[in-house]
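Colleague: I should like to learn how to read a model of this kind in an orderly way. May we go through it feature by feature?

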Amino acid sequence: DPHPSSSAFDSLWKRFASCCAYCGTKMTRAPKQAHYDHLLPGGGNRLSNFVLSCPDCNERKRDQDWQKFLRQCCED
């Protein structure tokens with residue numbers, strides 16, 4: 001299950017407006033500034049299983065269910 005191409009990842013940057021999917025932090029494409037996070041660990045490398053994540057959220061989420069983690073990040 002190969003990773004999506006870099007041009008496919010361009011669509012993630014556009015979809016999330018260069019912001020973390022969990023906390024909304026604006027990010028750049030500089031090394032270590034953003035991560036491609038699997039929504040479902042073990043769910044494969046299809047593009048629909050990825051979101052943009054800041055390093056802090058990606059570390060805190062780890063292998064948690066993404067919906068549970070998002071509720072922890074956003075009370076509303």
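Colleague: In what order do the elements of the protein chain run from the N terminus on?

Modeller: This is a predicted model, and the order is a sensible place to begin. The elements run α-β-β-α-α, and the secondary structure thus listed comes to three helices and two strands.

Colleague: Where is confidence lowest in the protein chain, and where is it highest?

Modeller: The general idea is that where pLDDT is low, the predicted coordinates should not be read in detail. In this case the mean for the protein chain is 88, with 97% of its residues at 70 or more. Helix α3 (residues 66-73) has the lowest confidence, at a mean of 81, whereas β2 has the highest, at 93.

Colleague: What does the radius of gyration of the protein chain agree with?

Modeller: One compares the value with that expected for a compact globule of equal length. For 76 residues that expectation is near 11 Å, and the protein chain has 12 Å, which agrees. Along the principal axes, its C-alpha atoms fill a box of roughly 35 × 25 × 20 Å. Of the 76 residues, 30% count as buried. As to contacts between residues at least 6 apart in sequence, 48% join residues at least 24 apart.

Colleague: Turning to a single helix, which residues of α1 are buried?

Modeller: In helix α1 (residues 6-15), the buried residues are F9, L12 and W13. Seen down the helix axis, these residues fall within an arc of 100°, so they line one face of α1. On the other side of α1, the exposed residues are S7, K14 and R15. The cover over the buried residues of α1 includes β1 (35-38) and β2. After the helix comes A17, with a positive phi near 50°.

Colleague: Which residues touch the most other members of the largest nonpolar core?

Modeller: To read a core, one asks which members touch the most others and which elements supply them. Here the core has 13 residues, and those touching the most other members are L12, C20, Y22, M27, L52, C54 and C57. The elements that give two or more residues to this core are α1 and β2. As one example, C57 is in contact with C20, Y22, C23 and F69, leaving aside neighbours within four places in sequence.

Colleague: Is S53 buried or exposed?

Modeller: A residue counts as buried when its relative accessible area is under 20%. S53 has a value of 0% and is therefore buried. This residue lies in strand β2 (residues 50-53). Beyond neighbours within four places in sequence, S53 is in contact with C20, Y22, M27, A34, H35, D37 and N58. For N58 there is also a distance to note: its backbone nitrogen lies 3.2 Å from a polar atom of the S53 side chain.

Colleague: As a contrast, how does D1 count by relative accessibility?

Modeller: The cut-off for exposed is over 50%. D1 has 65% relative accessibility, so D1 counts as exposed. D1 is found in the segment before α1.

Colleague: Which residues does D1 touch?

Modeller: Not counting residues up to four places away in sequence, D1 touches G44, N45 and R46. By comparison, D1 and K26 are 25 residues apart along the chain, and their C-alpha atoms are separated by 29 Å.

Technical notes: Residues are numbered from 1 along each chain as its sequence is written. This is a predicted model: local features need pLDDT of at least 70, side-chain atom pairs count only at pLDDT 80 or more; totals for chains, interfaces and linings use all residues. Side-chain values use heavy atoms; hydrogens and water are left out. Helices (H or I, at least four residues) and strands (E, at least two) are DSSP runs, numbered from the N terminus. Buried means under 20% relative accessible area, exposed over 50%, partly exposed in between (1.4 Å probe, protein chains only). A polar contact is a pair of N or O atoms within 3.5 Å; within protein, one must be able to donate a hydrogen and the other to accept it, and residues adjacent in sequence count only if both atoms are side-chain atoms. Contact means heavy atoms within 4.5 Å. The arc is that of the directions from the helix axis to the C-beta atoms. pLDDT is the predictor's confidence in each residue, from 0 to 100. A nonpolar core is a set of buried Ala, Val, Leu, Ile, Met, Phe, Trp, Tyr and Cys residues joined through side-chain atoms within 4.5 Å. The radius of gyration is taken over C-alpha atoms; the globule rule is 2.2 Å times the number of residues to the power 0.38.
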